Each structure stands twice: as C-alpha cells, then as structure tokens.
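Here are a few exercises to work through with the model open beside you. Try each one on screen before reading its solution.

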Amino acid sequence: MVKKYVIYLLCLFWCTLDIAAASYTSAASGPWSDPATWGGAGCPTNDGDSFTIQAAHTVTFNADLSSLANGLGAGSISGILEFDVGVPAHMKMNANITGTGQWLMGADDDPITYTADNRPMVVIEQKGGTIQLSTAGAV
C-alpha cells in the first residue's frame, strides 16, 4: 500500500515538473536541429529557449516549432541564420531577435516554395518581441 502511494507521489511530482528554458550558442555551422551545431547538448526547440549564432557560423533553420505554446526566447544573430526553403519549417518566437548578422529567407534563384495545399514552406510566427538586425545585418 505504501509503495502505491510513493509511486503515485513520484508520478505526480514528475508530471508537474516544468522543463526549464536553456540557452544555446552555436559551436559550428550546420542544421538547427543537429545538436552538434549547438555544442552537442541539444537544440533550441523548447518554449523560452534562447539562441546565439556566432559570427563565423551559418545555421540552417530546418525545424517545426509550431507546437510550442509560446515560442523561443531571445535570439542573437552575429553570423547567418538561413532557412532551408525546401523543407517545411516553422519558427515561433516570443522575444527579441537582435544582432549584426544576416537572416536569409530565400532568394531569386532559391525561392521559398509552397506545399501541395498552397502554404509556404517557411513560416515565422513572432508572438512577442521585435526583430532588429543592425550595422551589417540584413533580413
């Protein structure tokens, strides 16, 4: 009987844990969804996670974050954040994105494509905050 209550309390405790947001800094160029891009300790894919893309790095966003309740936390781009325009990608933010880098979302020779139901392959949902790249930055 006591064993049942202990298991019940452990389950209750486990279910009420809130996953804390983490901060990620690029360690190399590569896909957003590859932990090696962020130093091997995971990827910024949870509510409130923040990210920094360092100056010498190009990170290719290839994730679907549409299921996040609120979105990622702050982002800083000193290198390049580009979208993989050939796969469905959904970035959801809930804080500022700043920096002096570049944010690339398709080009004349590599445009953002559409799905079979005529939706863009790349979606950026800014629930809160602003996007402000300065100096050499470009969007």
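## Exercise 1: the five-stranded sheet

In this predicted model, five strands make up an open sheet with parallel pairing, in the order β1-β3-β5-β8-β11. Work out which strands stand at the edges, and how far neighbouring strands are turned against each other on average.

Solution.
- Start with the ends of the order: β1 (23-25) and β11 (131-133) each have a single partner strand, so one side of each is left without a neighbour in the sheet.
- Next, the turn: neighbouring strands of this sheet are at 15 degrees to each other on average, with direction ignored.
- Now zoom in on one edge. Three bridges hold β1 to strand β3 (residues 50-53), in the parallel sense.
- Within that pairing, Tyr24 sits opposite Phe51 in β3.

## Exercise 2: the four-stranded sheet

Find the open sheet of four strands and give its order. Then pick out its edge strands.

Solution.
- The order is β2-β4-β6-β9, and the pairing is parallel.
- β2 and β9 are the edge strands, each pairing on one side only.
- At the β2 end, two bridges join β2 to strand β4 (residues 58-61), and the two run parallel.
- Gly30 has Val59 in β4 as its bridge partner.

To put the sheets in context, step back to the whole chain: one helix and eleven strands, with the helix ahead of the strands in the pattern α-β-β-β-β-β-β-β-β-β-β-β. Among contacts with a separation of 6 or more, 54% involve residues 24 or more positions apart.

## Exercise 3: an enclosed strand

Decide how many of the six residues of strand β7 (residues 89-94) are buried, then find a strand that pairs with β7.

Solution.
- Five of the six are buried, so β7 is largely enclosed by the rest of the structure.
- For comparison, keep the chain figure at hand: 30% of its 139 residues count as buried.
- For the pairing, look to strand β10 (residues 122-128), which runs parallel to β7 and is joined to it over six bridges.
- One of the matched positions is Met91, whose bridge partner in β10 is Ile124.

## Exercise 4: two serines

Take Ser26 and Ser50. For each, say where the residue lies, whether it is buried or exposed, and which side chain it meets in a polar contact.

Solution for Ser26.
- Location: the loop between β1 and β2 (30-31).
- Burial: Ser26 has a relative accessible area of 1%, under the 20% limit, so Ser26 is buried.
- Polar contact: the side chains of Ser26 and His57 are joined at 2.7 Å.
- Surroundings: leaving aside neighbours within four places in sequence, Ser26 is in contact with Thr37, Trp38, Thr52, Ile53, Gln54, His57 and Val59.

Solution for Ser50.
- Location: strand β3.
- Burial: with 18% relative accessibility, Ser50 also counts as buried.
- Polar contact: the side chain of Ser50 meets that of Ser23 at 2.9 Å.
- Surroundings: beyond neighbours within four places in sequence, the contacts of Ser50 are Ala22, Ser23, Tyr24, Pro44, Gly73 and Ala74.

## Exercise 5: reading the aromatic pairs

How many aromatic pairs does the structure hold? Classify Tyr24 with Trp38 and Phe83 with Trp103.

Solution.
- The count is six aromatic pairs.
- Tyr24 and Trp38 have 6.4 Å centre to centre and 70 degrees between the planes, which makes the pair edge-to-face.
- This pair links distant parts of the chain, with Tyr24 in strand β1 and Trp38 in the loop between β2 and β3, 14 residues apart.
- Both partners are buried: Tyr24 at 12% relative accessibility, Trp38 at 5%.
- For Phe83 and Trp103, the ring centres are 6.0 Å apart and the planes are at 20 degrees, so this pair is stacked.
- Phe83 belongs to strand β6 (residues 80-83) and Trp103 to strand β9 (residues 102-104), so the pair ties together parts 20 residues apart in sequence.
- Burial again: Phe83 has a relative accessible area of 5%, and Trp103 has 1%.

As a last step, colour the whole group: Tyr24, Trp32, Trp38, Phe51, Phe61, Phe83 and Trp103 form one aromatic cluster.

Technical notes
Residues numbered from 1 in each chain as written. Predicted model: local features only at pLDDT ≥ 70, side-chain atom pairs only at ≥ 80, totals over all residues. Heavy atoms only, no water. Buried < 20%, exposed > 50% of the residue type's maximum accessible area, 1.4 Å probe, protein only. Contact = heavy atoms within 4.5 Å. Pairing = 2+ DSSP bridges. Axes fitted to C-alpha atoms, helices over the stretch in contact; angles between N-to-C directions. Polar contact = N/O pair within 3.5 Å; in protein donor to acceptor, adjacent residues only side chain to side chain. Phe/Tyr/Trp six-rings, centres within 6.5 Å; stacked < 30°, edge-to-face > 60°.
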